[in-house]
There are 2 protein chains.
Amino acid sequence: MPELRQDPATKQWVIIATERAKRPEDYLRHSEKMGYPDYDESCPFCPGNEAMTPPEEFSYRREGTGPNTEGWWVRVVPNKFAALVPDGSLSRIRENGFFRSMSGVGKHEVVIESPVHNATIGTMDLRQVEEILLICRDRFNKLSQDPRFQFVTIFRNHGGLAGTSLIHPHSQIIATPIVPLHIRHRLEEAMRYYDDNGECVFCKMLAEEVEIQKRVVLETEGFIAFEAFASSVPFETWIMPKRHAATYGSISTDDAKEFAAVLSRVMKRIYVGLRDPDYNYMIHTAPFKDADENWYHWFVQIVPRLTMIAGFELGSRVFINTTPPEAAAEFLRQGI
Amino acid sequence: MPELRQDPATKQWVIIATERAKRPEDYLRHSEKMGYPDYDESCPFCPGNEAMTPPEEFSYRREGTGPNTEGWWVRVVPNKFAALVPDGSLSRIRENGFFRSMSGVGKHEVVIESPVHNATIGTMDLRQVEEILLICRDRFNKLSQDPRFQFVTIFRNHGGLAGTSLIHPHSQIIATPIVPLHIRHRLEEAMRYYDDNGECVFCKMLAEEVEIQKRVVLETEGFIAFEAFASSVPFETWIMPKRHAATYGSISTDDAKEFAAVLSRVMKRIYVGLRDPDYNYMIHTAPFKDADENWYHWFVQIVPRLTMIAGFELGSRVFINTTPPEAAAEFLRQGI
């Protein structure tokens with residue numbers, strides 16, 4: 001019998017569709033990505049092509065090498081085709097007094113995660129993953145200084161079905177002058193839970209998952225990786241810090257290293273077990289102004305793109321998930 | 001300069017990304033679908049294979065032919081791999097007192113839209129489209145009689161990127177025992193607008209679009225097809241009845257025929273102009289219990305799947321749209 005499950009933090013329903021249930025093996029496809037070369041002379045993110053991107057904002061690089069030359073191992077540049085642009089002031093416009101818009105002010109950055117064209121989080125050295133996550137934290141904090149911005153989304157697109165056309169490993173960071181409505185709804189629900197129960201709904205979720213165990217993929221002293229109770233897609237995996245913190249910007253360097261170790265192991269397991277699937281991951285975090293709140297909690301949501309988003313999902317935002325999270329957790333735990 | 005636009009009915013933001021703007025021609029791809037045969041002996045929806053589906057709920061068929069035999073031209077069957085199942089009672093379950101779920105009771109039907117394997121809305125006779133839309137209305141009303149159900153989603157998936165593996169033309173109908181949270185948020189915003197302004201926000205939107213004209217694709221006496229001001233993807237098109245009505249179930253036969261004519265012309269234009277793109281369309285409607293409300297309004301949302309949903313969209317639900325709706329409308333108006 002299928003099951004409707006509700007995300008305890010957002011109240012969002014998903015359908016766990018047992019009538020069309022699939023085993024992990026059913027999702028495996030040939031991954032072209034595994035055959036990519038480690039260098040591509042036409043790639044704007046490959047070493048030697050630094051002039052093909054806008055001037056860098058930051059890099060980790062060998063001593064004695066200058067900005068926008070070779071010698072870097074992680075490099076942050078503005079997105080050449082930015083969704084939002086940093087120059088300009090915020091102005092609200094109305095068309096016919098009814099349709100509201102705003103100048104597209106924001107910041108859109110790319111974190112080039114490695115000089116190696118075909119590297120990916122699931123195959124990189126731990127050290128490299130640590131530095132990527134530390135840079136994301138630092139950029140988050142830098143962007144939070146700009147009074148025009150309210151919110152930052154950090155995300156990674158891997159593979160064509162996940163919306164990237166560039167093979168070279170990269171994450172993206174977008175600072176927006178608004179808090180997205182979806183995030184506001186999440187915040188409101190979390191606040192309501194706090195009002196009712198006097199504790200953070202994510203801290204509670206975490207404690208429940210540790211107790212129940214069957215959805216846990218990996219647990220360390222400070223972090224837990226688990227399949228969300230109301231996973232919207234097969235193998236949707238969350239990584240959450242045990243220490244309460246509303247925004248990603250507040251993570252300590254030590255915690256970021258532990259987070260990197262967990263992310264790295266989970267992504268390696270997904271890379272091997274699901275044969276390098278396309279995926280997105282997003283760091284969910286509170287808006288800057290709510291950095292110190294007791295009721296929100298940052299975490300990473302990993303969304304493998306093994307199934308397509310169809311009309312039912314677009315219309316109702318209720319996802320039909322063909323793999324129970326408990327079965328996904330059992331599979332991912334093997335050999336992690 | 002990019003622009004942030006807000007949907008007046010939902011308050012949802014989108015980014016109209018002028019820095020990465022594309023022309024309609026940039027989206028054109030080769031459509032494999034155009035080369036499909038008109039009959040496939042292994043297709044469960046092709047005539048002669050009626051036994052491959054669960055027994056039909058309804059059909060339009062030649063006089064003298066019996067159910068589940070050839071002779072039909074539109075046929076409604078239960079989905080063989082149903083997301084929700086009709087047998088059983090609604091029960092709420094709690095895991096550890098914290099995680100809520102519900103038995104997956106609902107109804108999942110397939111409307112097989114034509115006996116012709118490679119037909120699609122954009123190429124069908126008008127008469128056929130009329131009958132499909134009338135059947136959808138009748139199924140909607142039938143499902144609304146079941147006290148266990150609160151809401152119906154009617155949707156169409158066309159092509160692999162839109163989430164369908166079956167080529168044969170079909171729509172789907174899912175009745176759920178819950179109102180999806182996304183729909184509840186839409187209802188709440190619409191109600192708030194009504195409280196503030198004493199009119200339906202969609203009636204207002206419609207009047208504004210008719211006055212402004214630049215996003216209108218097609219207008220008839222009773223319907224308007226337009227590119228939404230805050231379109232989330234290139235060529236997102238809405239078709240809305242001018243006469244206020246909260247649910248699709250209330251449409252008259254004459255109005256359904258006029259709706260069919262508009263839908264048919266728009267889908268033909270998309271089929272030819274964008275070369276048979278993958279797409280979804282969804283009929284947005286109020287829950288059964290709100291059928292007579294003044295503040296909600298049914299409409300169809302057509303979402304061509306020309307771009308991929310990436311991490312930013314998944315994380316923030318703010319879409320980055322690379323074609324301004326005004327340019328999309330200009331393109332679709334040509335030769336419609």
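**Group meeting: a predicted two-chain model**

Good morning. I begin where the two chains pair: strand β1 of chain A, residues 3-6, is joined by three bridges to β6(B), and the two strands run antiparallel. Within this pairing, E3(A) stands opposite S103(B) of β6(B). Helices and strands here are DSSP runs numbered from the N terminus, H or I of at least four residues for helices and E of at least two for strands. Strands count as paired if DSSP finds at least two bridges between them.

A word on conventions. This is a predicted model, in which local features need pLDDT of at least 70 and side-chain atom pairs count only at pLDDT 80 or more, while totals for chains, interfaces and linings use all residues. Residues are numbered from 1 along each chain as its sequence is written, and chains are lettered from A and ligands numbered from 1 in the order in which they are written.

Let me turn to the interface as a whole. In total, 64 residues of chain B are in contact with 64 residues of chain A, contact meaning that the C-beta atoms, placed from the backbone, lie within 7 Å. On the side of chain B that touches chain A, the elements giving two or more residues are β1 (3-6), β2 (13-16), β6, β8 (151-158), α2 (181-197), α3 (201-212), β13 (279-284) and α5 of chain B. By class, that side has 35 nonpolar, 18 polar and eleven charged residues. Nonpolar covers Ala, Val, Leu, Ile, Met, Phe, Trp, Tyr, Cys and Pro; charged covers Asp, Glu, Lys and Arg; the others, Gly among them, are polar.

How are the two chains related? A turn of 180° with a shift of 0.0 Å along the axis lays chain B on chain A with an RMSD of 0.0 Å. That is the relation of a two-fold axis. The superposition is by least squares on the C-alpha atoms of residues with pLDDT of at least 70 in both copies. Because 100% of the interface residues of chain B are also interface residues in chain A, the copies meet through the same surface.

Next, helix α2 of chain A, residues 181-197. Its 17 residues reach 24 Å from first C-alpha to last, close to the 24 Å expected at 1.5 Å a residue; the expected span is 1.5 Å times one less than the number of residues. H182(A), I183(A), R186(A), A190(A) and Y193(A) of this helix are buried. They lie on the same side of α2(A), because they cover an arc of only 100° around the axis, the arc being that of the directions from the helix axis to the C-beta atoms. On the other side of α2(A), E188(A), D195(A) and D196(A) are exposed. Buried means 20 or more other C-beta atoms within 10 Å of the residue's own, exposed means 12 or fewer, and partly exposed lies in between, with C-beta atoms placed from the backbone. What covers the buried residues of α2(A)? The cover includes β8 (151-158) and α3 (201-212) of chain A, together with α5 (311-316) of chain B. Just after the helix, G198(A) takes a positive phi of about 70°.

Helix α4 of chain A offers a second example. Its 21 residues should span 30 Å at 1.5 Å a residue, and the end C-alpha atoms are indeed 30 Å apart. Among its buried residues are F259(A), L263(A), M267(A) and I270(A). The buried residues of α4(A) pack against α1 (126-143), β10, β11, β12 (237-241), β14 (299-304) and α6 (325-333) of chain A. Two of these partners, β10(A) and β11(A), form a hairpin with three residues between them. Three bridges join these antiparallel strands, residues 216-219 and 223-227, and V216(A) has F226(A) as its bridge partner.

Some backbone angles deserve attention. Most residues other than glycine have a negative phi. Just after α4(A), however, R275(A) takes a positive phi of about 55°. D276(A), in the loop between α4 (253-273) and β13 (279-284) of chain A, also has a positive phi, near 50°. Is D276(A) buried or exposed? D276(A) is buried, with 20 other C-beta atoms within 10 Å. In chain B, N96(B) has a positive phi near 55° and lies in the loop between β5 (92-95) and β6 (99-103). N96(B) is exposed, with 11 other C-beta atoms within 10 Å.

I close with A83(A), in the loop between β4 (72-78) and β5 (92-95) of chain A. With 26 C-beta neighbours inside 10 Å, A83(A) counts as buried. Not counting residues up to four places away in sequence, A83(A) touches H108(A) and I174(A), as well as P2(B), I15(B), A17(B) and I320(B).

Notes:
Two residues are in contact if their C-beta atoms, placed from the backbone, lie within 7 Å.
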